[in-house]
Amino acid sequence: MSKSARLASQGLSHLEVLARMRDMRTEDANWREGRTWSLVYNAGEDVRRVAAEAYTEFMSENGLSPLAFPSLRRFEAEVLAIAAELFHGDTAAGTMTSGGTESILMAVKTARDFARAERGITEPELVLPASAHPAFQKAAHYFGLKPVNVPVAADFRADVAATRAAIGPRTALVVGSAPSYPHGVMDPIPELAALAQERGVLFHVDACLGGFLLPFARRLGHALVDFDFAVPGVTSLSADLHKYGYAAKGASVVLYRTPELRRHQFFTYAGWSGGLYVSPSMAGTRPGGAIAAAWAVLKYLGEEGYLRLAGQVLDTARALREGIAAVPGLRLIGEPGLSIFAFTSDTLDVYALGDVMEARGWKLDRQMSPPALHLMVTPAHAQVVKPFLEDLGACAASLARGEPAPDGSAALYGMLGSLPDRNEAEGFLLQFMDGLYSGE
Ligand SMILES: *Cc1c(COP(=O)(O)O)cnc(C)c1O
């Protein structure tokens with residue numbers, strides 16, 4: 001956001017505009033070649049083209065009005081029906097949203113409004129394992145719920161006994177992840193959901209990450225705990241189409257066990273001078289392109305396509321996990337069995353390792369408590385297992401020999417990790433955001 005940018009008096013040609021944009025992306029993360037381990041779910045150029053063409057075709061249409069665009073209404077209804085079937089929701093009802101965060105915001109708002117209407121709770125609480133995605137903290141912050149944070153167990157999964165103790169008379173919602181983003185482990189959903197049900201409390205499964213991977217992993221023979229509406233006590237579930245659904249960005253689903261529960265999500269207003277207003281979710285205008293692209297990719301891949309891609313992802317992830325565990329000094333965190341995991345070291349500075357790997361063109365996310373590097377595996381990574389593991393082995397060995405790491409983020413993470421209290425770290429992050437948005 002350079003302060004020197006002004007709206008030019010004269011427009012540029014179509015080609016000039018595109019050429020300038022392509023110039024600007026030269027420093028962007030290199031996801032096409034599988035060198036980036038987060039943010040982009042690459043299922044190959046054919047899938048991307050289907051999504052891109054569907055998106056462009058419906059780019060101008062607006063999913064806000066259910067009456068103006070019957071095509072979008074039908075796409076959304078079919079996407080939701082497919083999701084409900086995948087997640088064993090015979091009576092399930094939901095909406096599409098712009099992503100995992102919006103799905104989670106809606107599930108929390110629904111739980112708050114349900115608790116208020118049905119149980120008279122005016123100061124609702126949200127019970128969250130430490131591994132739950134920050135979108136739940138954001139939801140609590142936006143909608144005025146009190147987060148009750150529960151440490152995870154030694155295996156990094158939600159702690160059932162601690163969760164039991166955290167549920168109280170004001171609890172509106174309990175949350176579990178399938179799987180968690182930081183360590184890729186499945187929370188004990190059946191036990192957590194049973195606890196919630198016993199206490200008459202709603203229970204949300206965050207399958208934002210795993211939603212469109214787990215059903216296919218199971219069909220491929222992977223042993224998984226039950227995580228969806230087949231589990232008694234699960235009352236809502238979120239699953240992102242723009243992750244392992246391979247849809248264009250801006251697509252997720254949130255589902256509830258019944259349409260009666262979903263009613264608490266909707267917003268209606270009949271007193272506006274502009275006429276009657278209804279809106280299913282946070283957004284007003286809803287981009288038709290994202291809805292259309294999600295439908296198109298589901299139809300293009302079909303069960304066969306998702307099974308093939310899931311097989312590729314899970315095989316690649318296993319090869320990577322085995323390769324990483326075999327590098328002297330490195331170990332996996334918890335027992336991740338799916339497509340996402342983190343590793344740490346008792347002898348090496350993993351942040352320095354991240355910096356040496358980055359100098360070789362590999363972009364790994366850094367995690368804290370415990371310090372770790374993180375991988376989210378997609379079909380595009382099948383081709384890089386060998387060079388990645390070779391580089392990782394070489395980089396770990398060079399650090400073990402005491403060779404210096406290039407300047408990178410190690411110092412910053414070391415500093416943030418050593419800050420005694422969270423407020424101080426959050427103050428630092430605010431300063432970072434100010435800087436980012438003022439072009440400094
Ligand atoms: C990605 C993710 C989210 C948030 O989804 P966004 O699409 O980034 O808003 C929530 N929960 C889990 C487990 C995730 O992986």
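**Note on a predicted model and its ligand site**

1. C208 is buried, with a relative accessible area of 6%, and it is one of the residues around the ligand. The model discussed here is predicted, and every value below should be read as a value computed from that model. Another cysteine, C395, is also counted as buried, because its relative accessibility is 0% and the cut-off for buried is under 20%. A disulfide is a covalent bond between the sulfur atoms of two cysteines. The structure holds zero disulfides, and a student who looks for such a bond at C208 or C395 will therefore find none, since the count for the structure is zero.

2. The ligand is surrounded by G99, G100, T101, I104, H133, Y181, D206, C208, L209, D240, H242 and K243. Sorted by class, this shell has four nonpolar, five polar and three charged residues. Which helix gives the shell its largest share? That share, three residues, comes from helix α4, which covers residues 100-119.

3. Several polar contacts to the ligand can be followed in the model, and each of the ones described here involves an oxygen atom of the ligand. A polar side-chain atom of H242 lies 2.8 Å from a ligand oxygen, while a polar backbone atom of G100 is 2.9 Å from an oxygen of the ligand. For D240, an N or O atom in the side chain is 3.3 Å from a ligand oxygen atom. The ligand taken alone exposes 380 Å², and the protein buries 85% of that area.

4. H242 deserves a closer look in the viewer. This residue is placed in the loop between β6 (236-240) and β7 (252-256). Is H242 buried or exposed? H242 counts as buried, because its relative accessibility is 14%. Besides the ligand contact, the side chain of H242 reaches the backbone nitrogen of G250 at 2.9 Å. When neighbours within four places in sequence are left aside, H242 is in contact with Y41, S98, G99, G100, A247, A248, K249, G250 and A251; of these names, G99 and G100 also appear among the residues around the ligand.

5. The loop between β6 and β7 also holds Y246, a residue whose backbone should be checked with some care. Phi of Y246 is near 60°, which is a positive value in a residue other than glycine. Y246 counts as buried because its relative accessibility is 5%.

6. Two cis peptide bonds can be pointed out, and they are best examined one after the other. The bond from A178 to P179 is cis, with omega near -10°, and P179 is found in the loop between β4 (171-177) and α7 (189-198). A cis peptide bond also joins S369 and P370, where omega is about -5°, and P370 is found in the loop between β12 (365-367) and β13 (372-376). S369 itself, in the loop between β12 and β13, has a positive phi of about 35° although it is not a glycine. With a relative accessibility of 68%, S369 counts as exposed.

7. S180 lies in the loop between β4 and α7, the loop in which P179 is found. S180 counts as buried, because its relative accessibility is 1%. Which residues does S180 touch, leaving aside its neighbours within four places in sequence? S180 is in contact with S131, V185, L209 and I340, and L209 is one of the residues around the ligand. By contrast, S180 and S409, which are 229 residues apart in sequence, are 24 Å apart in space from C-alpha to C-alpha.

8. R218 lies in helix α8, residues 214-219, and is partly exposed, with a relative accessible area of 28%. Not counting residues up to four places away in sequence, R218 touches L224, V225, D226 and F227. With L224 there is also a polar pair, in which the backbone oxygen of L224 lies 3.1 Å from a polar atom of the side chain of R218. R218 and R170 are 48 residues apart in sequence, and their C-alpha atoms are 36 Å apart in space.

9. The last residue to consider is E304, found in helix α10 (residues 288-325). E304 counts as exposed, because its relative accessibility is 69% and the cut-off for exposed is over 50%. The C-alpha atoms of E304 and F216 are separated by 9.4 Å, although these residues are 88 residues apart along the chain.

Terms used
Residues numbered from 1 in each chain as written. Predicted model: local features only at pLDDT ≥ 70, side-chain atom pairs only at ≥ 80, totals over all residues. Heavy atoms only, no water. Near = heavy atom within 4 Å. Polar contact = N/O pair within 3.5 Å; in protein donor to acceptor, adjacent residues only side chain to side chain. Areas by Shrake-Rupley, 256 points an atom, 1.4 Å probe, with all protein chains shown as cover. Helix = DSSP H or I, 4+ residues; strand = E, 2+ residues; numbered from the N terminus. Nonpolar A, V, L, I, M, F, W, Y, C, P; charged D, E, K, R; others polar. Buried < 20%, exposed > 50% of the residue type's maximum accessible area, 1.4 Å probe, protein only. Contact = heavy atoms within 4.5 Å. Disulfide = S-S within 2.5 Å.
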